[in-house]
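This report describes the fold, the packing of the interior and the aromatic groups of one protein chain. The sequence and the structure are shown first.

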Amino acid sequence: DRYQRRVHGTCIHDRKSITSDRLLTMAGGKACVVKDVEIDKFIKAYAAFLKKSGKIELPKYIDLIKAAPFKELAPLDPDWYYIRCASVARHVYLRNGIGVGDLRKMYGGAARRATTLPSHFQKASGAVIRHCLQQLAAIGVVELAPRGGGRNITKEGRRDLDRIAQQVKYPTK
């Protein structure tokens, strides 16, 4: 039927990751996945969840890290590492098979070289992203992709991220 209920442009029956059984078992029949939620609200909620769980181990040199070589200062937010881990988890959720190199490009930006020279694109720090992926793998959110490198989201990770997205979209009163 051409008027079947659609999720993100594809029929539910065509997608293997989202089945009609899974949609019906979500709270009150209100289906919600990460793509349905505003990005900033989801990342803040998932970062708070990661911090509250206490399973993410921060690097010992967290106060000395810059997020990218083109940055002048370290991040000012004390919870910036949890926010970066939540953002990395969201990127892996949306694009299975993504690796450190792709994430470095996504988090990269313009390096201001001088007043007379034009700015030039630089990649972000790979060590921070790699450590985030290792910590997310340790808690079971991501895993190594079987072919071609990169990381995939696990079933448990997908379930956790969808649950947080549902809590953000439909908050309990």
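## Helix α5 and its surroundings

In this predicted model, helix α5 has the following buried residues: G126, V128, I129, H131, C132, L133, Q135 and L136. Their cover includes α3, α4, β5 (142-144) and β6 (151-153). The length of α5 follows the expected rise: at 1.5 Å a residue, its 13 residues should span 18 Å, and the C-alpha atoms at its ends are 18 Å apart, which agrees.

C132 is located in helix α5. With a relative accessible area of 0%, C132 is buried, because buried means under 20%. When neighbours within four places in sequence are left aside, the contacts of C132 are Y81, R84, C85 and V88. C132 also lies 9.3 Å from E57, C-alpha to C-alpha, although 75 residues separate the two in sequence.

## Overall fold

The protein contains 6 helices and 6 strands. Along the sequence these elements are arranged as β-β-α-α-α-α-β-β-α-β-β-α. Of the 173 residues in the protein, 39% are buried. Among contacts with a separation of 6 or more, 59% are made by residues 24 or more positions apart. The exposed surface of the protein amounts to about 10900 Å², and carbon and sulfur atoms supply 51% of that area.

## The nonpolar core

The largest nonpolar core comprises 39 residues, and F42, Y46, V88, V141 and L161 have the most contacts inside it. Two or more residues of this core come from each of α2 (39-53), α3 (80-94), α4 (100-107), α5 (126-138) and α6 (155-169). The greatest contribution is that of α3, with 9 residues.

Helix α3 is itself mostly covered, with 13 of its 15 residues buried. For α3, a rise of 1.5 Å a residue gives an expected span of 21 Å for 15 residues, and its end C-alpha atoms are 21 Å apart, which agrees.

In α6, the buried residues are G157, R158, D160, L161, D162, I164, A165 and Q166. The 15 residues of α6 should span 21 Å at 1.5 Å a residue, in agreement with the 21 Å between its end C-alpha atoms. Which residues does L161 contact, leaving aside its neighbours within four places in sequence? They are V34, F42, Y46, A89, R90, Y93, V141 and I153.

The loop between α3 and α4 contains R95. R95 has 39% relative accessibility and therefore counts as partly exposed. The C-alpha atoms of R95 and I153 are 9.0 Å apart, while the two residues are 58 residues apart along the chain.

## Aromatic groups

A search of the whole structure finds 3 aromatic pairs. The ring centres of Y46 and F49 are 5.8 Å apart and their planes are at 20 degrees, so this pair is stacked. The cut-off behind this assignment is that planes under 30 degrees apart count as stacked. Y46 and F49 are 3 residues apart in helix α2, which means that about one helical turn separates them. In general, an α-helix has 3.6 residues a turn, so residues three or four places apart point the same way. Y46 is buried, with a relative accessible area of 0%, whereas F49 is partly exposed at 28%.

W80 and Y81 form an edge-to-face pair, with 5.8 Å between the centres and 85 degrees between the planes. Both W80 and Y81 are buried. A single aromatic cluster is formed by F42, Y46 and F49.

The geometry of two of these pairs is set out below.

| Pair | Centre to centre | Angle between planes | Arrangement |
|---|---|---|---|
| Y46 and F49 | 5.8 Å | 20 degrees | stacked |
| W80 and Y81 | 5.8 Å | 85 degrees | edge-to-face |

Charged side chains also sit over aromatic rings. R84 lies over the face of Y107, at 4.2 Å from the ring centre. The charged end of R158 is placed over the ring of Y93, 4.7 Å from the centre of that ring.

## Links between the regions

Several of these residues recur. R84, which lies over the face of Y107, is also one of the contacts of C132. Y93, whose ring has the charged end of R158 over it, is one of the contacts of L161. Y46 is among the residues with the most contacts inside the core, and Y46 belongs to the aromatic cluster with F42 and F49.

Terms used:
Residues are numbered from 1 along each chain as its sequence is written. This is a predicted model: local features need pLDDT of at least 70, side-chain atom pairs count only at pLDDT 80 or more; totals for chains, interfaces and linings use all residues. Side-chain values use heavy atoms; hydrogens and water are left out. Helices (H or I, at least four residues) and strands (E, at least two) are DSSP runs, numbered from the N terminus. Buried means under 20% relative accessible area, exposed over 50%, partly exposed in between (1.4 Å probe, protein chains only). Contact means heavy atoms within 4.5 Å. Accessible areas come from the Shrake-Rupley method with a 1.4 Å probe; for residues, only the protein chains shown count as cover. A nonpolar core is a set of buried Ala, Val, Leu, Ile, Met, Phe, Trp, Tyr and Cys residues joined through side-chain atoms within 4.5 Å. Rings of Phe, Tyr and Trp (its six-membered ring) pair if their centres lie within 6.5 Å; planes under 30 degrees apart count as stacked, over 60 as edge-to-face and the rest as tilted. A charge sits over a ring if NZ of Lys or CZ of Arg is within 6 Å of the ring centre and within 35 degrees of the ring normal. The expected span of a helix is 1.5 Å times one less than its number of residues.
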